[in-house]
Amino acid sequence: MSAIENVNIPSGNEEEADRRPLVLVHRLPRFALPFDMRTTFRLLDPIASAADEPHQDFLSRHAPSIRALITVGPTPVNADLLDLLPSLRLVVGSSAGVDHIDLNECRRRGIAVTNAGSAFSEDVADYAVALLLDVFRRISAADRFVRSGSWPRKPEYPLGFKLGGKRVGIVGLGSIGSEVAKRLVAFGCRIAYNSRNKKPSAPYTYHANVCDLAVNSDVIVVCCALTKETHHIINKDVMTALGKGGVIINVGRGALVDEKELVQYLTRGEIGGAGLDVFEKEPDVPKELFTLDNVVLSPHRAVLTPESFEAVREVMTANLNAFFSDKPLLSPVQYE
Ligand SMILES: O=CC(=O)O
């Protein structure tokens with residue numbers, strides 16, 4: 001992932017001549033914008049530009065001109081930041097999830113928020129299916145078996161399971177969940193789902209209650225947004241309902257699953273396996289999971305492909321262009 005380069009902040013006449021709209025890049029040092037938007041926007045990046053000046057002073061100095069900001073990855077947008085930016089009217093998220101943005105504060109201050117829209121949906125859905133196949137067919141475990149030299153010594157390797165015909169319960173049938181469903185239908189799976197509301201156009205069985213969904217599923221794929229309501233939506237009751245052979249795939253956010261309980265259920269063999277791209281305290285992953293061959297672990301990579309970066313760059317650019325020309329935003333986040 002390449003970082004944007006140090007941003008030259010034009011001043012005086014130079015600034016007047018530069019007609020590109022000014023956009024603040026809000027990021028933690030470890031997250032860089034993985035593409036260049038400087039041909040279209042004048043990017044103000046405090047981290048790249050002002051190594052010696054305290055971040056707050058830098059922001060306060062530029063605050064009157066900042067009407068839009070890009071938040072990179074999960075960099076938090078909270079009341080403290082918004083206090084420093086009284087002219088701000090738009091927050092452009094570079095992710096599908098917006099749990100790092102204080103939506104209530106944004107709404108209260110009349111600040112619009114956009115997210116990645118469906119830019120990542122296909123890649124995340126592919127990854128969810130890949131994790132599921134890996135858990136069912138034990139691909140990563142088989143790879144470890146071969147590399148460790150065990151094959152010649154121990155020709156028997158535990159059987160995996162067939163994916164076709166399995167009952168898959170999707171939690172969150174938004175853009176990502178719908179792509180997961182589409183793919184798994186092609187594998188011959190039977191799809192049901194849970195979401196806040198029944199989707200009249202979705203040809204799948206709806207369960208208003210996640211435990212009911214779990215009782216009727218062999219696999220739960222978690223891909224809803226993380227909110228106060230969905231925090232630990234996959235709890236011990238859901239895991240008990242899913243049962244011994246059940247598999248949990250999480251490509252949403254770590255805190256959608258009660259991770260402590262998940263570890264217990266997996267180590268006691270009370271569910272069948274898990275494929276996890278996200279964790280409650282990233283990058284920390286519970287060590288107990290490292291030795292379990294029925295668990296596939298991934299470092300929050302589901303969205304990351306050069307193709308999805310290009311798609312998100314386009315949607316972010318379109319949102320900013322729309323904002324600066326008073327047109328409707330492309331992927332506004334609906335406030336609750
Ligand atoms: O996790 C990644 C995203 O929300 O886009």
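Okay, let me start in an odd spot, with a cysteine: C223 is buried, at a relative accessible area of 11%. Before going on, keep in mind that this is a predicted model.

So who could C223 pair with? The closest cysteine sulfur to that of C223 belongs to C224, and it sits 7.3 Å away, which is too far for a bond. We call a disulfide only when two cysteine sulfur atoms are within 2.5 Å. And how many disulfides does the structure hold? Zero. C189 is in none either, and the nearest cysteine sulfur to it, the one in C223, is 14 Å off. C189 also counts as buried, with 8% relative accessibility.

Next, a serine. Where does S217 lie? You'll find S217 in the loop that links α10, residues 210-215, to β9, residues 219-222. Loop or not, S217 is buried, and its relative accessible area is 3%. What does its side chain have for company? A polar atom of the S217 side chain lies 3.4 Å from the backbone nitrogen of G169.

Right, the ligand. Which residues surround it? Going along the chain, we have S95, A96, G97, F120, R253, H300 and V303. Sort that shell by type and you get three nonpolar residues, three polar ones and one charged.

Now the polar contacts to ligand oxygen atoms. From H300, a polar side-chain atom comes to 2.6 Å from an oxygen of the ligand. R253 also uses its side chain: one of its polar atoms is 2.8 Å from a ligand oxygen. G97 does it with the backbone instead, where an N or O atom lies 2.8 Å from an oxygen atom of the ligand. And how much of the ligand does the protein bury? On its own the ligand exposes 190 Å², and 90% of that is buried by the protein.

Last thing, the annotation. UniProt, in an unreviewed entry, puts a domain called "D-isomer specific 2-hydroxyacid dehydrogenase catalytic" at residues 53-333. Over that stretch, 53-333, the chain comes out at 37% helix and 14% strand. The C-alpha atoms at its two ends are 33 Å apart.

To recap, then: zero disulfides in the structure, a buried S217 with a side-chain polar atom 3.4 Å from the backbone nitrogen of G169, and a ligand that has H300, R253 and G97 in contact with its oxygen atoms. Okay, over to you.

Methods
Residues numbered from 1 in each chain as written. Predicted model: local features only at pLDDT ≥ 70, side-chain atom pairs only at ≥ 80, totals over all residues. Heavy atoms only, no water. UniProt positions renumbered as here; feature names shortened; annotations may be inferred. Helix = DSSP H or I, 4+ residues; strand = E, 2+ residues; numbered from the N terminus. Near = heavy atom within 4 Å. Polar contact = N/O pair within 3.5 Å; in protein donor to acceptor, adjacent residues only side chain to side chain. Areas by Shrake-Rupley, 256 points an atom, 1.4 Å probe, with all protein chains shown as cover. Nonpolar A, V, L, I, M, F, W, Y, C, P; charged D, E, K, R; others polar. Buried < 20%, exposed > 50% of the residue type's maximum accessible area, 1.4 Å probe, protein only.
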